[in-house]
Amino acid sequence: LAFVPHQIFSYQQLTHLNHCALRWMVTMHDIISLRVPTLRDAHLTQAFVTSLHYADGAICISKSVWRDFLSFFGPLAEKRCGSCAVIYNAVEPMAQHVQRDPRFPERYLLLAGNQMTHKAVDRALEVLDPGIPVVALCGAGVRAPMRTAPTIFLESGKQSPALLESLYQFCTALIFPSQYEGCGLPLLHAVRCGRPAVAFFSEST
């Protein structure tokens, strides 16, 4: 059974899950809703706390998430330490015989993010050399400043796996300006494809 906090309609559901399941675990991908001020939500915070209280253990997908887990949940996290583990995220092996998409320039930077402010896609576009072609995986509302080179916008979360594979394999480099991540899957994809990456300096990236 898998769910995320916004799918919880009431905390009674968590209580019911606790009674029905023989054992259940919480997987923590990140706690962005607690760390980023613009995303803070009391409902999500309570869902985190209640889940950790009832669960038999927790899995964190990186050491960065583990440190946040200990920092933000204090005594509750320490109580759970013996039943918690860090299991890192992974990506599929690099696909073979991928074709270059003719819609994109021969050389381009791949900018990965979405519409959330901590992803910093707008700021990255402002400081990148306007003469370098960019393919931006971002939110629907993101627009480029004045640029002389082609800038192609693709909405994150709505692209096919085949297209994403092609973008990573043929980009010159990945630009990943996100200021906070639990793990940062775009970095794993870039490394898997042998592409250099430029990332915001943070614990998780």
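This is a walk through the structure above, from its overall build to a few of its details. Keep in mind along the way that the model is predicted.

Let's start with the whole chain. The protein has 205 residues, and 42% of them count as buried. Its secondary structure consists of 7 helices and 8 strands. If you draw a box around the C-alpha atoms along the principal axes, the box comes to roughly 60 × 35 × 30 Å. Contacts that reach along the sequence are well represented: among contacts with a separation of 6 or more, 62% join residues 24 or more positions apart.

Now step inside. The largest nonpolar core holds 24 residues, and Met28, Ile31, Leu52, Phe69 and Phe73 are the ones with the most contacts inside it. Several elements contribute at least two residues each to this core: the helices α1 (11-20), α2 (32-35), α3 (42-54) and α4 (63-80), together with the strands β1 (25-28) and β2 (57-60). Helix α4 gives the largest share, with 6 residues. Leu52 is a good place to pause and look around. Leaving aside residues up to four places away in sequence, Leu52 touches Met28, Ala58, Phe69, Phe73, Leu76 and Arg80. Apart from this core lies another one, made of 16 residues, including Leu137, Cys171, Leu174 and Cys193.

Helix α4 deserves a second look for its aromatic side chains. A search of the whole structure turns up 3 aromatic pairs. In one of them, the ring centres of Trp66 and Phe69 are 5.7 Å apart and the planes meet at 45°, so this pair is tilted. Trp66 and Phe69 sit 3 residues apart in α4, about one turn of the helix, and both residues are buried. The next pair carries on from there: the rings of Phe69 and Phe73 have centres 6.2 Å apart and planes at 55°, so this pair is tilted too. Here the spacing is 4 residues within α4, again about one turn of the helix, and Phe73 is buried, as is Phe69. Put together, Trp66, Phe69 and Phe73 make up one aromatic cluster.

Further along the chain, turn to helix α6, which covers residues 161-170. Its buried residues are Leu163, Glu165, Ser166, Leu167, Tyr168 and Gln169. What do the buried residues of α6 pack against? Their partners are the strands β4 (109-112), β5, β6 (151-155) and β7 (173-176), plus helix α7 (185-192).

Two of those buried residues, Ser166 and Leu167, also help to line an enclosed space. Rolling a probe the size of a water molecule over the atoms shows where empty space is left. With a threshold of 30 Å³ or more, the count comes to 1 cavity, and about 30 Å³ of space lies in the largest cavity. Its lining is formed by Arg100, Asp101, Phe104, Tyr108, Ser166, Leu167 and Phe170. By type, these lining residues are 4 nonpolar, 1 polar and 2 charged.

Finally, have a look at a loop. Gly131 lies between α5 (121-127) and β5 (134-138). Is Gly131 buried or partly exposed? Its relative accessible area is 41%, so Gly131 is partly exposed. Setting aside residues up to four places away in sequence, Gly131 touches Thr148 and Ala149. Pro150 is 19 residues from Gly131 along the chain, and the C-alpha atoms of these two residues are separated by 8.3 Å.

How values were computed: Residues numbered from 1 in each chain as written. Predicted model: local features only at pLDDT ≥ 70, side-chain atom pairs only at ≥ 80, totals over all residues. Heavy atoms only, no water. 1 Å grid on protein atoms, 1.4 Å probe; cavity = no way out; pocket = protein on both sides within 12 Å on 5 of 7 lines; lining within 4 Å. Points joined across faces, edges and corners; volume = space filled by probe spheres on them. Nonpolar A, V, L, I, M, F, W, Y, C, P; charged D, E, K, R; others polar. Core = buried A, V, L, I, M, F, W, Y, C linked by side-chain atoms within 4.5 Å. Buried < 20%, exposed > 50% of the residue type's maximum accessible area, 1.4 Å probe, protein only. Contact = heavy atoms within 4.5 Å. Phe/Tyr/Trp six-rings, centres within 6.5 Å; stacked < 30°, edge-to-face > 60°.
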